[in-house]
Amino acid sequence: MKRRVRLSVLFAALVTAGSAALTPTVAQADDDPPTTRELLDKCDNGTDVCEFHPDGPPKDSMGEAHQVGDSAFNCTDDLQRSTVGWSDTTGESNSVGVSLSAEYGFAEVFKVSIETNYQHTWESSHTESEQTNIDVKPDEVGWVTREAQMQTVKGQYEMHFPDPFHGHYIWYVPFEATGPKPDAPSTKTQHTRPMTEEEKAQHCG
Amino acid sequence: MISRPRHGTHRTVTLAASVLLAGAVTAPVAQAAPAPTQAPGVGGQPRHCTLDLGTDAEHCYATFTEAVDHASKGRIDDAPASARTATGDSGFRTEVERLADEDGARADGVIQGTFFDDPGFGGDSLTISGEGLCEKDGWVDYQHDLEDGWKNRISSVQPWGNCWIWLYPEPGLGGDRDGPFKENTGDIGDFMNDRTQSIGFS
């Protein structure tokens, strides 16, 4: 019991200390809260604790299908097999718009968290190159699209400051990042359609 | 590891002191507190609940982010922590004792741990917040007996707030013990998987 009381005083004093120190700047702090980027820049760069807590397993999704390589126009009277060479890089996006490949403290904390919790590394970008064959009928155009497998990780940074930062010792900062799923094959699809008159004039004239 | 019963004096002093904290840092919320989900888990989606150890109030939300917003009292921030040198200041202690006599609002929540139904931080979650950080002095600072709906379900855990997590298969920190879980743990292992009925934070 005695110990409990001692701890109580400690905690209460901490509260009091924080309050006393912060009172003059509260209005300013509330009117001008830090941005997520400003907070995350402090991660392991002015914090006692900076940890990332994922809020669930990574969620897989398919990236947007987009054309890779050039279109193949068949201006002959025969079926043509064209080889489309392409190289495509899938990047990442996140809620602060900063590449996690950069040497920011919060990026390192995030990547270590991914490795520890999910046993794989975080890829900020992945480049795939290939030669894809496509059969194009006469007067048609062919092209290749690619969809990359993506993963999204969401969670919260828990940051403890030795002194109040914008009025608080502890900040919880939501964060979300989407990047290429490591070691996951992408989907490549061959497409054909008849050329438009404009395309015929432009490519077969 | 020794657990200590919570004591009324602790609660009284802490709550009263929180008045000052609230006065100093309670602010227009950066993110408005989301409305609790009325029918959590509908559509087979995981529900994310918060439990305040100070009030035993539980609320459930559709997303973890909303739950954390709620656990931190509608902000993405907050709570007291350091300034430990202040504890040696008799002036502070006097002020604290004075405040202890006043009615007080609850301290802003300090998240102490999140518990998940499935391995890999999957499924439903329960985020527990309390009055402060854990002290790292070899004692259980906070404890909680799970309500029936959460008994024998926990498969992954995340300690927050400087806490280590201890899991027990009986209420009141009884029976076997597993831990400490010092960091995010996606699989607590077979020993206590789906067996937890009470939790200690140290």
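What covers the buried residues of α4(A)? Let's look at that and a few other spots.

**View 1. Helix α4 of chain A and its surroundings.** This is a predicted model, in which local features need pLDDT of at least 70, side-chain atom pairs count only at pLDDT 80 or more, and totals for chains, interfaces and linings use all residues. Residues are numbered from 1 along each chain as its sequence is written, with chains lettered from A and ligands numbered from 1 in the order in which they are written. The cover over the buried residues of α4(A) includes α3 (36-40), β1 (49-54), β8 (149-165) and β9 (168-180) of chain A. Among those buried residues (20 or more other C-beta atoms, placed from the backbone, within 10 Å of their own) are A:F106, A:V109, A:F110 and A:I114. Seen down the axis, the buried residues fall within an arc of 160° (taken from the directions from the helix axis to the C-beta atoms), so they line one face of the helix.

**View 2. An open five-stranded sheet in chain B.** The strands run in the order β3-β2-β5-β4-β8, with mixed pairing (two strands pair if DSSP finds at least two bridges between them). β3 (57-61) and β8 (156-159) of chain B stand at the edges with a single partner strand each, so one side of each has no neighbour in the sheet.

**View 3. Strands β2 and β5 of chain B.** β2 (residues 48-52) and β5 (residues 122-130) of chain B pair in the parallel sense over five bridges. B:C49 has B:L126 in β5(B) as its bridge partner.

Terms used. Buried ≥ 20, exposed ≤ 12 C-beta atoms within 10 Å, placed from the backbone. Helix = DSSP H or I, 4+ residues; strand = E, 2+ residues; numbered from the N terminus. Contact = placed C-beta atoms within 7 Å.
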